[in-house]
There are 2 protein chains.
Amino acid sequence: MAKLQKSIDKRNALIRATINLVNNNGFHATPMSKIAKMAKVSPATIYLYFENKQDLVNKAYLEVKSAFTDYAFATYSEEMSVSTGFEIIWKRIADFKLKQCEEALFLAQCDNTPMIDEPSRKEGIKHLQPLLELWDRGKKEGIIKPISDYLLYAYAINPLSFLMIMQQRGACAIDKMDLEEAYRAAWDSIKLD
Amino acid sequence: MAKLQKSIDKRNALIRATINLVNNNGFHATPMSKIAKMAKVSPATIYLYFENKQDLVNKAYLEVKSAFTDYAFATYSEEMSVSTGFEIIWKRIADFKLKQCEEALFLAQCDNTPMIDEPSRKEGIKHLQPLLELWDRGKKEGIIKPISDYLLYAYAINPLSFLMIMQQRGACAIDKMDLEEAYRAAWDSIKLD
DNA sequence: GTATAAAAAATGAACGTTCATTCTTTTTTT
DNA sequence: AAAAAAAGAATGAACGTTCATTTTTTATAC
């Protein structure tokens, strides 16, 4: 137990260090030596936990993505109405993106650069399935616009990524009012009529 | 003339090569030697045109950003009504983002990573001034929601970046109908009432 | 509990490679 | 023939990864 515990701590420290450094410097400007230093570990030790640098960043991506979607769907259940379900999910996503900025910023960087390899990227997308199913249901019930998931995502979810980045850079502060407003805009842009 | 012409050609070739390679590999995974090769130039020659690699990518960013905003505002004039002006600008932005994918993708990557240094990033933002002024006017006239420019941008413009990236990755194809729909959603989410 | 040996985990130094940049020479332009 | 532009080769630093050892943990015997 003690042994396993310790290993998990180190693994977590490595992932956290990776996220932090990649956020500030980008993937290729983050040397393994710095990751090791921040995680208080020898560079060689990283290779006991991960195959190589690419594997480290892929795993970091997938873990953060999982944490994100787990959080997003934690209070949602398929019995909810489409509009309630969407509101619940949207607000959880907003919460995550604006409060767990470090993780959210890392995901944004992963999604906007060639940093993550294609298989891991594909794997990451799968985690959004519950949202896509909700949208499908909404389309069948005539509540949500019959347009592609990409368009729905672009209108309703993606604006949150932009706001998160701006807030993270200190360009603006998003308050509760803003979020209420943003939620309404999101719902208005995907609901039918 | 011949000499100057030749120089500008080489400079352009270097910028284009940078954009292309950075899009596919990221900034730090794009060696000067490859940029030189793609531009059909010796690595040493790059340093006759740019101070160093950072300078090269900063200048590439600023030039693409200029091209983008020039295109966005080319058919807009301040005499137009707020709603007409917005429609004109929005559709030009959409046009640029979805047709000049290479440039647009490069900008997205610059805006979402620590690749560009802070002064150049600040400089790049200035180019959006006409849009911000239009929004100011709209707010004063009671046509546009009295919320921060960041929120307006997040709702109305940023979704286009997401769609561009998805289309570029081959995940989806955006057609004229989609764009008409997206425009309406954009306007609905920022207009007052 | 304590001593001991085998196994596992962790380390710092070293290796080979790659890269941004510079240097020296050659080619082109004036 | 002088000056400017361009080139390829060279340089030194930084990087990802591996190697040879050392330290820590685990398992076993008393």
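**Two chains and a DNA strand**

Superposing chain B on chain A takes a rotation of 180° with 0.0 Å of shift along its axis, and the RMSD is 0.1 Å. That is the relation of a two-fold axis. The model is predicted. In general, two copies of a chain are related by a rotation about an axis and a shift along it. To find the axis from chain B, go to H28(B). Its C-alpha comes closest to the rotation axis of the residues of chain B, at 2.7 Å. Now look at how the chains meet. Of the interface residues of chain B, 100% are also interface residues in chain A, so the copies meet through the same surface.

Turn next to DNA strand C. It is surrounded by 16 residues. The closest come from both chains: A44(A) and T45(A), with M32(B), Y47(B) and K53(B). Which part of the strand do they face? Of the strand C atoms that come within 4 Å of the protein, 64% belong to sugar and phosphate.

Three polar contacts to phosphate are worth finding on screen. K10(A) places a polar side-chain atom 2.7 Å from a phosphate oxygen of strand C. M32(B) uses its backbone: a polar atom there is 2.5 Å from a phosphate oxygen of the strand. K53(B) works through its side chain, where an N or O atom is 2.6 Å from a phosphate oxygen of strand C.

Which helices supply the surface near strand C? At least two residues each come from α1 (2–25) and α3 (43–49) of chain A, and from α3 (43–49) of chain B. The largest share, four residues, comes from α3(A).

A database record covers this part of the chain too. In an unreviewed entry, UniProt lists residues 31–50 of chain A as "DNA-binding region". In the model, this span is 70% helix and 0% strand. Its end C-alpha atoms lie 15 Å apart.

Now to the salt bridges. The structure holds 28 over all chains. Start within one helix. K91(A) and E87(A) join their side chains in a salt bridge, 2.8 Å from N to O. Why can these two meet? They sit four residues apart in helix α5 (residues 82–99) of chain A, about one helical turn from each other. An α-helix has 3.6 residues a turn, so residues three or four places apart point the same way. Both partners are partly exposed: K91(A) has a relative accessible area of 30%, and E87(A) stands at 31%.

Other bridges run from helix to helix. D149(A) pairs with K139(A), with the closest N and O atoms 3.1 Å apart. The pair links distant parts of the chain, ten residues apart: D149(A) is in helix α9 (residues 149–156) of chain A, and K139(A) is in helix α8 (residues 129–140) of chain A. D149(A) is partly exposed, at 24% relative accessible area. K139(A) is also partly exposed, at 25%.

In chain B, D111(B) bridges to K65(B), and their closest N and O atoms are 3.5 Å apart. D111(B) belongs to helix α6 (residues 101–111) and K65(B) to helix α4 (residues 53–73), so the bridge ties together parts that are 46 residues apart in sequence. Are the partners buried or exposed? D111(B) counts as partly exposed, at 25% relative accessibility. K65(B) counts as buried, at 7%.

Some bridges share partners. In chain A, R16(A), E102(A) and E103(A) are joined this way into one network.

E103(A) leads on to helix α6 of chain A, where it is one of the buried residues. Of the eleven residues in this helix (residues 101–111), eight are buried, so the helix is largely enclosed by the rest of the structure. Among the others buried there are L105(A), F106(A), L107(A) and C110(A).

Finish at K145(B). This lysine is in the loop between α8 (129–140) and α9 (149–156) of chain B. K145(B) is buried, with a relative accessible area of 13%. What does its side chain meet? A polar atom of that side chain lies 2.8 Å from the backbone oxygen of S189(B). Leaving aside residues up to four places away in sequence, K145(B) touches residues of both chains. From chain A they are E181(A) and A185(A). From chain B they include K139(B), L152(B), I190(B) and L192(B).

Definitions and conventions. Residues are numbered from 1 along each chain as its sequence is written. Chains are lettered from A and ligands numbered from 1 in the order in which they are written. This is a predicted model: local features need pLDDT of at least 70, side-chain atom pairs count only at pLDDT 80 or more; totals for chains, interfaces and linings use all residues. Side-chain values use heavy atoms; hydrogens and water are left out. A salt bridge is a side-chain nitrogen of Lys or Arg within 4 Å of a carboxyl oxygen of Asp or Glu. Buried means under 20% relative accessible area, exposed over 50%, partly exposed in between (1.4 Å probe, protein chains only). UniProt positions are given in the numbering used here, feature names are shortened, and annotations may be inferred rather than shown by experiment. Copies are superposed by least squares on the C-alpha atoms of residues with pLDDT of at least 70 in both. Contact means heavy atoms within 4.5 Å. A residue is near a molecule or strand if one of its heavy atoms lies within 4 Å of it. A polar contact is a pair of N or O atoms within 3.5 Å; within protein, one must be able to donate a hydrogen and the other to accept it, and residues adjacent in sequence count only if both atoms are side-chain atoms.
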